[in-house]
Amino acid sequence: MGDMSNIRNIVILTGAGVSAESGIDTFRSAGGLWENHRVEDVATPEAFARDPNLVLRFYDARREAIQTKAPNPAHDALARLDAGWNGNLLLVTQNVDDLHERAESRRLLHMHGEHLNAWCSFCDTRHRWRAPLLDRPPCPACGSRALRPDIVWFGEMPYRMDEIYAALREVDLFVSIGTSGAVYPSAGFAQTARELGARTLELNLEPSQGSRMFHECRHGPASEVVPAWAEEMLAG
């Protein structure tokens with residue numbers, strides 16, 4: 001990756017490709033289907049208004065499924081980098097599973113929400129949540145039955161964008177791992193970082209739609225390319 005001596009601040013963006021090898025389906029598979037559902041049927045506010053039971057059943061199944069999965073070597077390598085890196089590091093994930101947490105990454109934020117959270121749309125509180133939502137359990141804070149998955153659906157604003165852009169303004173190296181490069185605003189992070197003078201690196205199974213924005217691209221399974229890169233950084 002060239003001279004690494006002047007790299008202190010790192011921002012890492014992870015997408016579905018990091019969790020795919022743990023057995024978690026990627027959203028953008030053949031035909032725009034996700035576990036045989038069209039995105040617009042389960043992942044928009046309109047879908048929830050139209051058929052809340054379908055949406056809740058879908059997310060209840062996903063919530064249950066991720067609890068049976070385990071972190072893979074890519075998650076573990078990023079947690080080791082987090083623990084061992086002396087400069088600033090922010091791991092921004094588009095993933096709504098908890099595999100980064102279980103691998104013990106600490107400097108982490110979920111821009112698209114979390115399966116293991118429920119959000120009360122009545123009192124605007126969030127709660128750690130592992131049980132189903134289909135039977136409309138009461139909100140632990142206010143008692144209303146207005147809990148929904150704490151997931152950023154298409155058409156909603158991703159979380160903690162101010163923190164992400166603040167980190168990008170200070171970044172020396174931006175790394176995108178396992179993302180399609182197709183969904184904004186995250187698809188624009190590499191361009192933002194590059195325009196501010198940072199080096200940019202893509203680690204992905206294959207070239208993404210945004211590959212031209214990266215100074216360097218390394219392609220292969222996340223469980224192989226991510227540990228190799230992380231060890232290189234820690235040794236550097």
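**Exercise 1.** In which sense do β1 and strand β9 (residues 173–177) pair, and over how many bridges?

*Solution.* The model is predicted. Start with the two strands: β1 and β9 pair in the parallel sense. Then count: the pairing runs over five bridges. Now pick out one residue. Ile 10 has Leu 173 in β9 as its bridge partner.

**Exercise 2.** Find how β1 pairs with strand β4 (residues 89–93).

*Solution.* Take the sense: it is parallel. Take the count: five bridges. Then look across from Leu 13. Opposite this residue stands Val 92 in β4.

**Exercise 3.** Work out why strand β1 (residues 10–14) is largely enclosed by the rest of the structure.

*Solution.* Sort the side chains by direction. Ile 10, Ile 12 and Thr 14 point one way from β1. Val 11 and Leu 13 point the other way. In a regular strand, side chains alternate between the two faces of the sheet. Next, apply the cut-off: buried means under 20% relative accessible area. Five of the five residues of β1 are buried, so the strand is largely enclosed by the rest of the structure.

**Exercise 4.** Describe the open sheet that contains β6, and the helix on it.

*Solution.* Write down the order: three strands, β7-β6-β8, with antiparallel pairing. Mark the edges: β7 (126–128) and β8 (147–151) each pair on one side only. Add the twist: neighbouring strands are turned by 45° against each other on average, direction ignored. Zoom in on β6 (residues 113–120), which pairs with β7 over three bridges. Trp 119 stands opposite Arg 126 in β7. Last, place helix α4 (residues 52–66): it packs on the sheet and touches β6 and β8. The direction of α4 makes about 135° with that of β6.

Technical notes
Residues are numbered from 1 along each chain as its sequence is written. This is a predicted model: local features need pLDDT of at least 70, side-chain atom pairs count only at pLDDT 80 or more; totals for chains, interfaces and linings use all residues. Side-chain values use heavy atoms; hydrogens and water are left out. Two strands pair if DSSP finds at least two bridges between them. Helices (H or I, at least four residues) and strands (E, at least two) are DSSP runs, numbered from the N terminus. Axes are lines fitted to C-alpha atoms, for helices over the stretch in contact, and angles run from 0 to 180 degrees between N-to-C directions. Contact means heavy atoms within 4.5 Å. Buried means under 20% relative accessible area, exposed over 50%, partly exposed in between (1.4 Å probe, protein chains only).
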